[in-house]
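Got the viewer open? Let's take a short walk through this one, a selection at a time.

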Amino acid sequence: MRFHVMTLFPEMIINGLSESITGRAMEKGLFSVNAVNMRDFANNKYNHVDDYTYGGGAGMLIQPGPVYDTYQHIKDKLAREHNVDMDKKLRVLYMTPTGTPFNQSMAEEFSKEEDLIILCGHYEGIDERVIEEIVTDNVSIGDFVLTGGELPAMMIIDAVSRLIPGVLGCDESAVYESFYDGLLEYPQYTRPPVFMGKEVPEVLTSGHHQNIEYWRLEQSLKRTKERRPDLYEAYVEKNKQTLEKLIKKGKIHI
Ligand code: ADE
């Protein structure tokens, strides 16, 4: 898979993703990140890509020309080097707090693309006309405002790339057990067996796999109910019969 990031801070993207799991996966050639500096497409001698907002208001906006030219440059390169059809409608994500909140199923959907273009805003944003022209998905990473789209873009690349086969080692599974799907993960423990007087829950050292599964499900349910009541309600609604059976048999207590 190839990620193409349209940004004013390409080094931020490359440096951030070159470490750890994503860095190793790129070295192995499992995916690539091409960070393209939109300033290289400024059409003035000062290399300015921003200007005042029509209608007034604080801050500067990125102009449409350099954004469109960066997009065309990426498409041309794909056509030349990878035989990608110039007419192919490529998926272009714009990182914006006004977008659809990002989630795991969007990560799964994006991971099916061969090429994913990510547009990062800066300053007060980008001229709407070029967004209308090239963007297919407006994506937010949460209800807060950051100084730019670079950190959100890195988050998207991280979440999407870990779904590419081979990126995670066999110890780290990207697939949730289907029954836990939609719940928050249960608490986990490693050595030492006692830390600050706290023991690891007994069931986990019992070797009784079925009981461990029940305990983990119960913990996931409790945690989700407390921290994400919205997810909990949806999960209970979907799995009512199975849950009722487990409660009746005394396997889980919620
Ligand atoms: N750019 C600034 N804030 C953002 C957010 N919350 N999500 C995506 N892009 C952003």
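**First stop: Glu124**

Select glutamate 124 and show its side chain: with a relative accessibility of 55%, this residue counts as exposed, because the cut-off for that label is over 50%. Keep in mind as you look around that this is a predicted model. Glu124 sits in the loop that runs between strand E6 and helix H5 (128–134).

Now bring up what surrounds Glu124. Leaving out residues up to four places away in sequence, Glu124 touches Ala58, Gly59, Met60 and Leu61. Add aspartate 50 to the selection and draw a C-alpha to C-alpha distance from there to Glu124: you should get 9.6 Å, although the two are 74 residues apart in sequence.

**Next: the largest nonpolar core**

Hide those and select Phe3, Phe31, Phe110 and Ile156. Within the largest nonpolar core, a set of 26 residues, these four touch the most other members. To see where the core comes from, colour strands E1 (2–7), E5 (91–101) and E6 (115–120), then helices H1 (10–17), H4 (104–110) and H6 (150–161); each of them supplies at least two of the core's residues. Which element gives the most to this core? That would be H6, with six residues.

Zoom in on Phe3. Setting aside neighbours within four places in sequence, Phe3 is in contact with Phe31, Ser32, Val33 and Asn34. The contacts of Phe3 also include Leu116 and Ile118, as well as Ile157, Val160 and Ser161.

There is another core to visit, lying apart from the one around Phe3: 23 residues, with Leu8, Met38, Val84 and Ile117 among them.

**Zoom out: the whole chain**

Switch to cartoon and you can tick off nine helices and nine strands. The radius of gyration is 23 Å, well over the 18 Å that the globule rule gives for 254 residues, so the chain is more spread out than a compact globule. Turn the C-alpha trace along its principal axes and you'll find a span of about 70 × 45 × 40 Å.

Try colouring by burial: 39% of the 254 residues are buried. A contact map is worth a look too, since among contacts with a separation of 6 or more, 74% are between residues 24 or more positions apart.

Last, put on a surface. The accessible area is about 15,800 Å², and carbon and sulfur atoms account for 50% of that. Colour by charge and you'll have 28 positive and 39 negative side chains, with the centres of the two sets 8 Å apart.

Note on methods. Residues are numbered from 1 along each chain as its sequence is written. This is a predicted model: local features need pLDDT of at least 70, side-chain atom pairs count only at pLDDT 80 or more; totals for chains, interfaces and linings use all residues. Side-chain values use heavy atoms; hydrogens and water are left out. Helices (H or I, at least four residues) and strands (E, at least two) are DSSP runs, numbered from the N terminus. The radius of gyration is taken over C-alpha atoms; the globule rule is 2.2 Å times the number of residues to the power 0.38. Buried means under 20% relative accessible area, exposed over 50%, partly exposed in between (1.4 Å probe, protein chains only). Contact means heavy atoms within 4.5 Å. Accessible areas come from the Shrake-Rupley method with a 1.4 Å probe; for residues, only the protein chains shown count as cover. Lys and Arg count as positive and Asp and Glu as negative; His and the chain ends are not counted. The place of a charge is taken as NZ of Lys, CZ of Arg, CG of Asp or CD of Glu. A nonpolar core is a set of buried Ala, Val, Leu, Ile, Met, Phe, Trp, Tyr and Cys residues joined through side-chain atoms within 4.5 Å.
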